[in-house]
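Hi,

Here is the structure I promised to pass on. Have a look, and then read on for what turned up in it.

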Amino acid sequence: LKPSPSLAFVLAGARPRPHPRGEALGGMAMAQSRKRPHAAVAEDVELERSLLKSGLGGAACGVDSGGVPVIDMSQGDDACAAAMWEAATGVGFFTVTNHGIDEALIDRAFGAAASFFAQPVADKETQSPFAREMNSGFEYMAQVRPSTGLADRKESLQITARAGAMEGRWPASPGDFEGTAKELMAKAHALGCRVLSLLEPRACPTLSRGTLAKSHQLWAPDGQCTLRLLHYMPTDKAALAALQASGRQHWRAGPHTDWCCCTLLFQRPGNEGLECASNPRAGSTRWTAVDPVPGGIAVNVGDMLARWSDNRLLSNLHRVRLPTPAECDPPKPRYSMAFFLQADKHCMLESETYEPITAGDYLLGRIRSNFADSAAAVANQADGAAAGAAEGAAPAEGAA
């Protein structure tokens with residue numbers, strides 16, 4: 001698959017000319033980027049694949065990166081909206097504090113995740129079998145990013161808030177898992193809808209107010225919002241050395257953009273490793289650390305919102321690096337929880353830039369590009385087989 005002319009244009013380092021309404025996309029890029037729906041999905045996948053070819057995905061993170069903006073949500077809506085817009089049109093990531101989600105609930109959710117992941121892989125697969133077409137269930141090193149061609153060095157549990165999607169997939173242990181997860185999802189959904197509503201007037205000026213929030217329902221027949229619990233397994237020094245000597249660049253999570261409208265990421269101090277960069281279409285790929293902030297939740301723009309907004313907002317690149325030697329002594333896991341606001345299946349992503357595509361078709365296309373089949377995932381683990389064995393033998397710590 002070759003990049004389209006518009007993608008080649010931006011990846012070559014040229015910046016798009018100003019949007020005719022004074023926004024980011026226009027001129028040559030506007031004229032050439034109105035794609036058929038499935039071709040448009042392929043272009044977003046090709047952007048990720050280009051990160052491997054160009055080396056942009058593996059560029060070093062700046063030691064003086066300074067982090068991402070922190071926004072206090074106890075401010076009034078106008079102040080919050082202005083700060084979010086500045087961050088979203090810049091680095092594309094920001095952290096919100098005073099967001100209204102109780103820390104005790106977040107702690108319970110992290111504890112439930114750690115208890116689930118502490119079980120043997122076979123038990124987790126039995127309790128929550130992975131269903132690619134439903135974007136639900138447990139996977140162990142099954143995600144192969146187009147940007148790396150290698151399996152992410154992690155395991156995860158996907159909980160999609162659609163009627164029937166979790167039937168036969170709710171973990172039996174720990175016993176309070178389902179209730180805790182649903183409570184966190186409800187709170188994260190409300191916060192995410194507030195973020196979208198604050199961005200909507202400038203991002204999607206042609207939409208009726210409240211359209212973005214109304215397009216993300218929990219537990220509806222065609223809902224797609226997803227909570228993903230992530231566990232990056234402990235890695236000892238020998239495993240790290242094996243990965244580094246493999247001749248391939250490994251990641252706990254390879255460079256990628258999110259497929260949703262926006263993501264809320266829960267992290268914990270002491271679990272560093274997340275890094276972000278602006279979308280290559282913006283002409284900048286300087287990587288910046290997104291370290292956990294006590295009481296904060298990281299937020300980033302995803303591909304669905306980029307489409308809906310005619311690229312007024314661009315999805316943000318991010319990745320999770322391997323642990324440093326110091327972080328391997330002693331080995332420790334990294335936990336995070338991501339809530340993806342993915343528009344309901346029937347919602348039509350319409351803009352002047354792209355041909356219309358339903359949110360359901362768009363999401364399914366992106367899922368298929370990352371989860372081809374279990375055999376491919378196993379094959380892509382070959383380069384890290386020795387390291388993987390060492391990771392599996394490392395003792396898991398308690399809840400992060």
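How do the residues lining the second largest cavity divide into nonpolar, polar and charged? Bear in mind that this is a predicted model. The split is two nonpolar, two polar and five charged. The residues that line this second largest cavity are R252, G270, N271, E272, P323, E327, K332, P333 and R334, and the space inside comes to about 60 Å³.

Now for the rest of the cavities. With a floor of 30 Å³ or more, the count is six. The largest cavity holds about 330 Å³ of space. Its lining is made up of 28 residues, and those nearest the centre are R145, R228, H256, D258 and F340. If you want to find the largest cavity by element, go to β5 (226-232), β6 (253-256), β7 (262-266), β11 (317-320) and β12 (334-341), which each give two or more residues to its lining. By class, that lining of the largest cavity has eleven nonpolar residues, eleven polar ones and six charged ones.

One single residue is also on my list: T148. You'll find T148 in the loop that runs between β3 (137-140) and β4 (155-160). Is T148 buried or exposed? T148 counts as buried, because its relative accessibility is 6% and the cut-off for buried is under 20%. Apart from neighbours within four places in sequence, T148 is in contact with L52, R248, W251, G254 and P255.

Shout if anything is unclear when you open the file.

Cheers

Technical notes: Residues numbered from 1 in each chain as written. Predicted model: local features only at pLDDT ≥ 70, side-chain atom pairs only at ≥ 80, totals over all residues. Heavy atoms only, no water. Helix = DSSP H or I, 4+ residues; strand = E, 2+ residues; numbered from the N terminus. Buried < 20%, exposed > 50% of the residue type's maximum accessible area, 1.4 Å probe, protein only. Contact = heavy atoms within 4.5 Å. 1 Å grid on protein atoms, 1.4 Å probe; cavity = no way out; pocket = protein on both sides within 12 Å on 5 of 7 lines; lining within 4 Å. Points joined across faces, edges and corners; volume = space filled by probe spheres on them. Nonpolar A, V, L, I, M, F, W, Y, C, P; charged D, E, K, R; others polar.
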